[in-house]
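Me: I would like to go through this model step by step, beginning with one side chain and working outwards. Please reason through each answer before giving the value or name.

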Amino acid sequence: VNQIAAALGRTPLGKKLGAEIDTYLSNLDERRKTISKTKSVLFILAARDGRAIVGGNETSADAIIELAGARNAVSNLTGFKPLTDEALIGASPDASIVMKRGDGSKSHEDALALPGVKLTPAGKTKQIFVMDGENLIGFGPRMPDAATDHMTKLYSREATDANGQGLN
């Protein structure tokens with residue numbers, strides 16, 4: 001933030017925004033400390049050829065999961081990888097985040113329709129959330145808001161309805 005603000009000749013505004021982000025992240029850290037049981041989360045980027053593309057370690061998805069006070073259900077993977085239905089079920093996530101893209105793509109609907117997603121603990125308890133991908137993993141100035149939204153959804157029992165539509 002400070003580097004971009006300096007490049008734009010807006011250093012004071014950048015310092016103010018940077019301080020706001022730092023405060024927000026500190027508050028998020030305090031909220032994480034109150035979580036009694038950490039949930040495992042599966043981040044589904046998209047569905048392609050009948051397989052979910054999920055975010056493992058060393059991804060922005062993994063970072064946002066951690067910021068939200070959860071652990072990645074596929075921490076054994078690195079990067080974004082396709083998973084079979086059997087591997088999805090084996091990951092056994094408590095919750096799943098399905099990315100909705102702003103380009104009109106219906107990939108989130110394809111992901112929700114995968115049998116493996118429905119048979120996970122997240123699918124059985126309807127702990128599946130459709131969230132805006134750009135906000136969730138873009139790591140811009142709205143990142144603290146996205147992490148807080150993610151945490152709130154994970155730990156407030158907000159889920160999807162019977163048609164897989166987000167209730168948010």
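Me: In which helix does Histidine 150 lie?
Reply: The model is a predicted one, and its helices are numbered from the N terminus. On that numbering, the helix that holds Histidine 150 is H9.

Me: Is Histidine 150 buried or exposed?
Reply: A residue counts as buried when its relative accessible area is under 20%. Because the relative accessible area of Histidine 150 is 0%, this residue falls within that limit, and the term that applies is buried.

Me: Which residues does Histidine 150 touch, not counting residues up to four places away in sequence?
Reply: Contact here requires heavy atoms within 4.5 Å. With residues up to four places away in sequence left out, the partners of Histidine 150 are Val41, Ile64, Ile65, Ala68, Ile97, Met131 and Leu136.

Me: What does Isoleucine 64 touch, on that count of residues more than four places away in sequence?
Reply: Isoleucine 64 is listed among the contacts of Histidine 150, and His150 appears in turn among the contacts of Isoleucine 64. The full set for Isoleucine 64 is Leu136, Ile137, Phe139, Met143, Ala146, Ala147 and His150.

Me: Which element gives the largest share of the largest nonpolar core?
Reply: This core has 22 residues, and Ile64 is one of those with the most contacts inside it, along with Val41, Phe43, Ile97, Leu136, Ile137 and Leu154. Two or more residues each come from strands E1 (40-48), E5 (95-100) and E6 (128-132) and from helices H3 (60-67), H8 (133-137) and H9 (143-155). The largest share, five residues, comes from H9.

Me: How many residues are in the other core that lies apart from it?
Reply: Ala73, Leu83, Ala91 and Val117 are among the members of this other core, whose residue count is 19.

Me: Which element gives the most to the lining of the second largest pocket?
Reply: This pocket has a volume of about 170 Å³, and its lining consists of Val1, Ile4, Ala5, Leu8, Arg10, Leu13, Gly14, Leu17 and Pro141. The elements that give two or more residues to it are helix H1 (2-7) and helix H2 (11-32). With three residues, the element that gives the most is H2.

Me: How many residues of that lining are nonpolar?
Reply: The lining of the second largest pocket includes one polar and one charged residue, while the number that are nonpolar is seven.

Me: What percentage of the residues in the whole protein is buried?
Reply: The protein contains nine helices and six strands, and its exposed area is about 8900 Å², of which carbon and sulfur atoms supply 51%. Of the 168 residues, the buried portion is 44%.

Conventions: Residues numbered from 1 in each chain as written. Predicted model: local features only at pLDDT ≥ 70, side-chain atom pairs only at ≥ 80, totals over all residues. Heavy atoms only, no water. Core = buried A, V, L, I, M, F, W, Y, C linked by side-chain atoms within 4.5 Å. Buried < 20%, exposed > 50% of the residue type's maximum accessible area, 1.4 Å probe, protein only. Helix = DSSP H or I, 4+ residues; strand = E, 2+ residues; numbered from the N terminus. 1 Å grid on protein atoms, 1.4 Å probe; cavity = no way out; pocket = protein on both sides within 12 Å on 5 of 7 lines; lining within 4 Å. Points joined across faces, edges and corners; volume = space filled by probe spheres on them. Nonpolar A, V, L, I, M, F, W, Y, C, P; charged D, E, K, R; others polar. Areas by Shrake-Rupley, 256 points an atom, 1.4 Å probe, with all protein chains shown as cover.
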